[in-house]
Amino acid sequence: MASPEKDKTGKEMWKKHRCQQCQKAFHNLKQLKSHQKSHTEERLYSCDQCEKTYKTVRTLNVHKKMHSGEKPHMCQECGSEFISLRNLSTHIQRYHTGERPHHCQQCDKGFVTQGELKNHQRVHTGEKPYSCSECAKSFSWPSSLFYHQRIHTGVKPFSCEECGKSFTQIGTLKVHRNIHTKEMIFSCEQCGKDFSSSSNLRRHVVMHTGEKSHRCDQCGKTFTLREDLRRHTRIHTGEKPYKCRHCDKTFSSQTQRTVHERIHTGTRPYSCEECGKSFTQIGTLKVHRNRHTKDMLFSCEQCGKVFTSRGAFNYHKRIHRKKQQ
């Protein structure tokens, strides 16, 4: 039999209420009922600032501190502030004590909490228990599913104060802010180019190595980034998970949808510094700039006509080919 816990006075406290599904024990019925919601996936409490929902009022109140910026719990070692005691406790274990009591039996990697270990084990099992109801895509973590679903709903609750651009995740917004502050803190050792995030630097470094470790099972084509392979496979599957929020048209990538939606909104974010003309895509602006610089890069060998874009040049060459046929 498990030994009882003790209260502040040293008095023994037995946990009398046990969950029938997982056998976890609690001191009172209120704790048991709150815990049982983890099995039913019942989420009754919604944030009034974003669409996220929670199983208990306590976890909802902790979440709301993200919007208010309130961080009442300070680490005495380094001064870092946190929105909850739980986050503070995890921080102390991770960065100050170095204690990682929960170890993976397959790779012996250590973790601060049992929850982190449980999530890690899905790397070995390949388990993806959280499925999207819109496109049936599955994920290993509920947070991944939550952020993925914003692709379908179009919800972007985090907005930049400088330019108004909105994002689905707070981390993406933080990286974006560096564009305005010019804070590029990650540098490439090979060419010296600076980046605002470590992920952008990793993507760039692969360009120097030429490594293409991600191979398509269907056609054998290789890619430097996993994201590029994922987009490519949609050519074979025909999957178009990104639906326009103004019409029924669907797209295989979020970028394609964003560009298309500018037809409906009239947004033209790329402007020419010379004449003020604006465009929906950066590539179109680059071609347009050549008209001001007179930089005609594509010249027809047969008639000498010059063009400012490869697309226009290739279209022109078809005229000669048809004449020769």
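The exercises below work through a predicted model of a single chain, each with a solution in steps.

**Exercise 1. Overall make-up and confidence**

Determine how many helices and strands the chain has, what share of its residues count as buried, and which elements have the lowest and the highest mean pLDDT.

Solution. Begin with the secondary structure, where the chain is found to hold 11 helices and 24 strands. Turn next to burial: of the 325 residues, 26% count as buried, while the chain exposes about 23,100 Å², of which carbon and sulfur atoms supply 48%. For the contacts with a separation of 6 or more, residues 24 or more positions apart account for 4%. Finally, consider confidence: the mean pLDDT of the chain is 77, with 88% of the residues reaching 70 or more. Among the elements, strand β2 (residues 12-13) has the lowest mean pLDDT, 46, and strand β20 (residues 250-251) has the highest, 87. Over residues 6-13 the pLDDT is below 50, and this stretch has 10 contacts in the model beyond near neighbours in sequence.

**Exercise 2. Helix α8**

Compare the span of helix α8 with the value expected at 1.5 Å a residue, then identify its buried residues and what covers them.

Solution. The helix comprises 12 residues, 226-237, and should therefore span 16 Å; the C-alpha atoms at its ends are 17 Å apart, which agrees with that expectation. Within α8, the residues L229, H232 and R234 are buried, and the elements covering the buried residues include β17 (214-215), β18 (222-223) and β19 (242-243). After the helix comes G238, whose phi is positive, near 75°.

**Exercise 3. Cysteines and the surroundings of H260**

Decide whether H260 is buried or exposed, list its contacts beyond four places in sequence, and work out how many disulfides the chain has.

Solution. Locate H260 first: this residue lies in helix α9 (residues 254-265). Its relative accessibility is 11%, so H260 counts as buried, the limit being under 20%. Leaving aside neighbours within four places in sequence, H260 is in contact with C244, C247, K249 and F251. Two of the residues just named are cysteines, C244 and C247, and their sulfur atoms call for a check. The closest cysteine sulfur to that of C244 is in C247, at 3.6 Å, which is too far for a bond because a disulfide needs the sulfur atoms within 2.5 Å. C272 is likewise in no disulfide, the nearest cysteine sulfur, that of C275, being 3.8 Å away. The count for the chain comes to zero disulfides. As to burial, C244 has a relative accessible area of 2% and is buried, and C272, at 4%, is buried as well.

**Exercise 4. An aromatic pair**

Establish how many aromatic pairs there are, and classify the arrangement of the rings of F146 and Y147.

Solution. The count comes to one aromatic pair. The ring centres of F146 and Y147 are 5.4 Å apart and the planes stand at 70°, so the pair is edge-to-face, a class that requires an angle over 60 degrees. The accessibility of each partner can then be read: F146, at 15% relative accessibility, counts as buried, whereas Y147 is partly exposed, with a relative accessible area of 27%.

**Exercise 5. Placing D48**

Find where D48 lies and how far it is from K64, in sequence and in space.

Solution. D48 belongs to the loop between β5 (45-46) and β6 (53-54). At 64% relative accessibility, D48 counts as exposed. D48 and K64 are separated by 16 residues in sequence, and their C-alpha atoms are 8.9 Å apart in space.

Key:
Residues are numbered from 1 along each chain as its sequence is written. This is a predicted model: local features need pLDDT of at least 70, side-chain atom pairs count only at pLDDT 80 or more; totals for chains, interfaces and linings use all residues. Side-chain values use heavy atoms; hydrogens and water are left out. Helices (H or I, at least four residues) and strands (E, at least two) are DSSP runs, numbered from the N terminus. Buried means under 20% relative accessible area, exposed over 50%, partly exposed in between (1.4 Å probe, protein chains only). Contact means heavy atoms within 4.5 Å. Accessible areas come from the Shrake-Rupley method with a 1.4 Å probe; for residues, only the protein chains shown count as cover. The expected span of a helix is 1.5 Å times one less than its number of residues. pLDDT is the predictor's confidence in each residue, from 0 to 100. Rings of Phe, Tyr and Trp (its six-membered ring) pair if their centres lie within 6.5 Å; planes under 30 degrees apart count as stacked, over 60 as edge-to-face and the rest as tilted.
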